[in-house]
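Grab a pencil and have a go at these short exercises. Try each task yourself before you read the solution below it.

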Amino acid sequence: MRVLNRLLALLLAVGVVLAATVGVIEVIAQRAHHRPVLLNWPGVYDWAARTSWGAAPVLLLSVGLVAVGLLLLIAQLTPRRPARLPIAAVNVATDAAITRRGLAHTLRRTVTGIDGVSHAHVTVRRHRARVSATTRATGDSDTSSLRATLTEAARQQLDALHLSRPPTLSVRVTTRER
């Protein structure tokens, strides 16, 4: 949702800048006693003076503006994904949390510190943490024992953080050919 909000804000900002630029150019041209440069605003003014509020173009423009306004309002009121995972605190007045990104870095550092792991990728969501580790182990028994070791190490790290609602942990180990 953050990307959509930024895109809408960019489009709105570009529209406002363009409208302001056209307005400034037209005011300068009118003050210099020249005809309109970019927008035939006297024609638009005459059209607006003789067009009623119930005319089809006015109604269509109004509906379009209401739709854009509702889209912006919905985009802003839609709740964002929580970026922080709360940590259980002894005192009720304490608000402690770890960001999902920080938890991912912590788990990645824990997993890559284990012998046999050459690379690890960690994704943390609100209710799930996925660890994908790459190893150069050769046998299936090596891979399964490494998976158990990684799961235990990551679980201990999660337990050490005392999260209020720890995410479920899934560990995947892939073997890279030498």
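The exercises below work through a predicted model.

**Exercise 1. The core**

Find the residues with the most contacts inside the largest nonpolar core, and work out which helix or strand gives the most to this core.

*Solution.*
Step 1: Start with the core itself. The largest nonpolar core has 24 residues, and L103, V117 and L150 have the most contacts inside it.
Step 2: Next, see where its members come from. At least two residues each are supplied by α4 (100-112), β3 (117-124), β4 (128-135), α5 and β5 (168-175).
Step 3: Pick the top contributor. That's α5, with six residues.
Step 4: Zoom in on V117. Setting aside residues up to four places away in sequence, V117 touches V111, T112, A133, T134, L146 and L150.

**Exercise 2. Two threonines**

Decide whether T143 and T106 are buried or exposed, then list what each one meets.

*Solution.*
Step 1: Locate T143. You'll find T143 in helix α5, which covers residues 140-161.
Step 2: Check its accessibility. The relative accessible area of T143 is 13%, and the cut-off for buried is under 20%, so T143 is buried.
Step 3: Look for a partner. The side chain of T143 makes a polar contact of 3.5 Å with the side chain of T175.
Step 4: Now do T106, which sits in helix α4. Its relative accessibility is 12%, so T106 counts as buried too.
Step 5: Skip the neighbours within four places in sequence, and T106 is in contact with I98 and Q157.

**Exercise 3. The salt bridge**

Which side chains meet in a salt bridge, and what parts does the pair tie together?

*Solution.*
Step 1: Count first. The structure holds one salt bridge.
Step 2: Name the pair. The side chains are those of D95 and R84, at 3.2 Å from N to O.
Step 3: Place both ends. D95 is in the loop between β1 (84-87) and β2 (96-99), while R84 is in strand β1, so the pair links parts that are eleven residues apart in sequence.
Step 4: Recall the background. Side chains of opposite charge can pair when their charged atoms come close.
Step 5: Compare the accessibility classes. D95 is exposed, at 62%, and R84 is partly exposed, at 43%.

**Exercise 4. A nonpolar patch on the surface**

Which residues make the nonpolar surface patch, and which helix gives the largest share?

*Solution.*
Step 1: List the members. I25, V37, L38, L39, W41, V44 and Y45 make a patch of about 670 Å².
Step 2: Find the main source. Helix α2 (residues 41-50) gives the largest share, three residues.
Step 3: Take W41 as a sample. W41 is in helix α2 and is partly exposed, with a relative accessible area of 36%.

**Exercise 5. Unusual phi angles**

What phi do H33 and H162 have, and where do these residues lie?

*Solution.*
Step 1: Remember the usual case. Most residues other than glycine have a negative phi.
Step 2: Read off H33. Its phi is positive, about 60°, although H33 is not a glycine.
Step 3: Place H33. It lies in the loop between α1 (2-31) and α2, and it is exposed at 75% relative accessible area.
Step 4: Repeat for H162. Here phi is positive again, about 55°, and H162 is not a glycine either.
Step 5: Place H162. This residue is in the loop between α5 and β5, and it is exposed, with a relative accessible area of 53%.

Conventions:
Residues are numbered from 1 along each chain as its sequence is written. This is a predicted model: local features need pLDDT of at least 70, side-chain atom pairs count only at pLDDT 80 or more; totals for chains, interfaces and linings use all residues. Side-chain values use heavy atoms; hydrogens and water are left out. Helices (H or I, at least four residues) and strands (E, at least two) are DSSP runs, numbered from the N terminus. Buried means under 20% relative accessible area, exposed over 50%, partly exposed in between (1.4 Å probe, protein chains only). A polar contact is a pair of N or O atoms within 3.5 Å; within protein, one must be able to donate a hydrogen and the other to accept it, and residues adjacent in sequence count only if both atoms are side-chain atoms. A nonpolar core is a set of buried Ala, Val, Leu, Ile, Met, Phe, Trp, Tyr and Cys residues joined through side-chain atoms within 4.5 Å. Contact means heavy atoms within 4.5 Å. Patches are made of residues with over 30% relative accessible area and no salt bridge: like charges are joined within 9 Å, nonpolar side chains (Val, Leu, Ile, Met, Phe, Trp, Tyr) within 5 Å. Accessible areas come from the Shrake-Rupley method with a 1.4 Å probe; for residues, only the protein chains shown count as cover. A salt bridge is a side-chain nitrogen of Lys or Arg within 4 Å of a carboxyl oxygen of Asp or Glu.
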